[in-house]
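This report concerns a metal site and the chain that surrounds it. Please consult the sequence and the model shown below.

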Amino acid sequence: MINSTQLETFKLLLLARQAEMLELEKTGEDATKTVELDQACVGRLSRIDALQSQAMSVETMRRRQLQLSKIGTALQRIANNEFGFCLHCAEEIDYRRLEYDPAAALCIDCANKAEL
Ligand SMILES: [Zn+2]
């Protein structure tokens, strides 16, 4: 069972990650804009390169959005005293798993099944 000190640590960790990602999001958006502006003056091949790197940064942004929403949900679960329990089977999530990813919403068994 997670005690209140551990819970507070996870909360701070989640908030730090959230802040970090929101910061990265700003820079990511800038990079996408730069690609759009450059398109007019680059040749065809470099335009393909630019589009590819733009697609990559879109993918990175999409993943970041996903992670951000996971973090947001985890913070909400802390507020509701539901943190640390699997969303699927309601079993306690292994502490080491939470240490690795405090935003984990599923226990290791359910996560493995979900990924299959
Ligand atoms: Zn589970």
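The zinc ion has a tetrahedral site, with angles of 106 to 116° among its 4 donor atoms; four donors count as tetrahedral if all angles lie between 85 and 135 degrees. For four tetrahedral donors the ideal angle is 109.5 degrees. The model is predicted: local features need pLDDT of at least 70 and side-chain atom pairs pLDDT 80 or more, while totals for chains, interfaces and linings use all residues. Residues are numbered from 1 along each chain as its sequence is written, and side-chain values use heavy atoms, without hydrogens or water.

Coordination comes from the SG atoms of C86, C89, C107 and C110, at 2.3 Å; donors are N, O and S atoms within 2.8 Å of the metal (3.2 Å for Na, K and Ca). Along the chain, the donors of the zinc ion show the spacing C-x2-C-x17-C-x2-C. C89 lies in the loop between α2 (44-79) and α3 (95-100) and C107 in the loop between α3 and α4 (108-115), so the pair ties together parts that are 18 residues apart in sequence.

Accessibility is classed as buried (under 20% relative accessible area), exposed (over 50%) or partly exposed (in between), with a 1.4 Å probe and protein chains only.

| Residue | Relative accessibility | Class |
|---|---|---|
| C89 | 33% | partly exposed |
| C107 | 8% | buried |

The protein chain has 4 helices and 0 strands; helices are DSSP runs (H or I) of at least four residues, and strands (E) of at least two. Of its 116 residues, 28% count as buried.

Conventions. Tetrahedral: all angles 85-135°; square planar, octahedral: opposite > 155°, others 65-115°.
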